[in-house]
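Q: I'm new to this structure and would like a close look at just one part of it. Please walk me through it, explaining the terms as you go.

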Amino acid sequence: MRTLAFETVAAAVAELCRSAACDLPADVVVALHAARDRERNPRARDILQQCIDNARIAVEKRLPICQDTGFAVVFAALGAGVAVDGDGLGAAITAGIRRGYTEGYLRKSIVDDPLFARANTGDNCPPVIHITSVPGERLLLSLAPKGGGSENMSRLLMLKPADGRDGVREAVVQAVIDADGNPCPPTVVGVGIGGTAEVAMLQAKRALLRDLGTPHPDPAYAALEREILERVNASGIGPQGLGGDTTALAVHLEHHPCHIASLPVAVCLNCHAARHAQVTL
């Protein structure tokens, strides 16, 4: 059994917060350049260039890409042969989020009571933590700061199995069209199919961690990703909802076994600042 120090995990998470806020991942930057180069609408092309410039300035000046530095969503793949000392993994992650957002001067966006008091917690905690047990003696931490604008456009649909492939396609395309410019397109569209309601939503959010444009390994699902992307970009919504060819940079699908009576479909959108950062300990 390998033991990781509480402080090692907390320090790594704090650095992930700062990195994710300021450093747009290379795959997203490449996708933005490619979208700019093929965009036919001059205004849309100019907006995409501004997105690229914004990402460059954020790196150079160590400033957040967006003022909304998000709800800290952490996916932790914990090896079966790893333990975290002290108060354990969840507490270490929370301590790292608190430190990263406070010492990094990142906006704190979390309120303690969603309905009544809505008082800001002051440290962007608690985070959302998903822990999965995997073989081995390593801990993989993935942080995806989730902005409120794109998160508000999430959608869960409980389709009938008879709706099939066409029903899924139409449901996802309509969700993106209904979102219009609200999630700050061009978006990354995460789709979860199957499982139960909560599993579908989790699969949709997990899909956003994939390297941008990496196709699903199953050819049938990969073809569906391409078809949805084409339909979304044919909508004309465009960057920031002001028209153009580039409404989404990618569509990523994940699926899970489900009940014979069910066909859950979840849609989770990321804005053009598709922030995520990873570290292996």
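A: Let's start with helix α2 (residues 26–38) and helix α3 (residues 42–61), whose axes come within 9 Å and cross at roughly 160°. Helices here are DSSP runs (H or I, at least four residues) and strands are E runs of at least two, numbered from the N terminus; axes are lines fitted to C-alpha atoms over the stretch in contact, with angles from 0 to 180 degrees between N-to-C directions. This is a predicted model, where local features need pLDDT of at least 70 and side-chain atom pairs 80 or more, while totals for chains, interfaces and linings use all residues. Residues are numbered from 1 along each chain as its sequence is written, and side-chain values use heavy atoms, without hydrogens or water.

Because angles over 145 degrees count as roughly antiparallel, α2 and α3 are roughly antiparallel to each other. From α2, L32, H33, A35 and R36 make the contact (heavy atoms within 4.5 Å), and they meet R45, L48, Q49, C51 and I52 of α3. By class, that gives 5 nonpolar, 2 polar and 2 charged residues.

Now the largest nonpolar core (buried nonpolar residues, Ala, Val, Leu, Ile, Met, Phe, Trp, Tyr and Cys, joined through side-chain atoms within 4.5 Å; buried means under 20% relative accessible area with a 1.4 Å probe, protein chains only). This core has 27 residues, with V9 and L89 among those with the most contacts inside it. The biggest share comes from α1, with 8 residues. C51 and I52 belong instead to a second, separate core of 24 residues, which also includes V28 and A31.

Key: Angles under 35 degrees count as roughly parallel, over 145 as roughly antiparallel, 65 to 115 as roughly perpendicular and the rest as oblique. Ala, Val, Leu, Ile, Met, Phe, Trp, Tyr, Cys and Pro count as nonpolar, Asp, Glu, Lys and Arg as charged, and the others, Gly among them, as polar. Buried means under 20% relative accessible area, exposed over 50%, partly exposed in between (1.4 Å probe, protein chains only).
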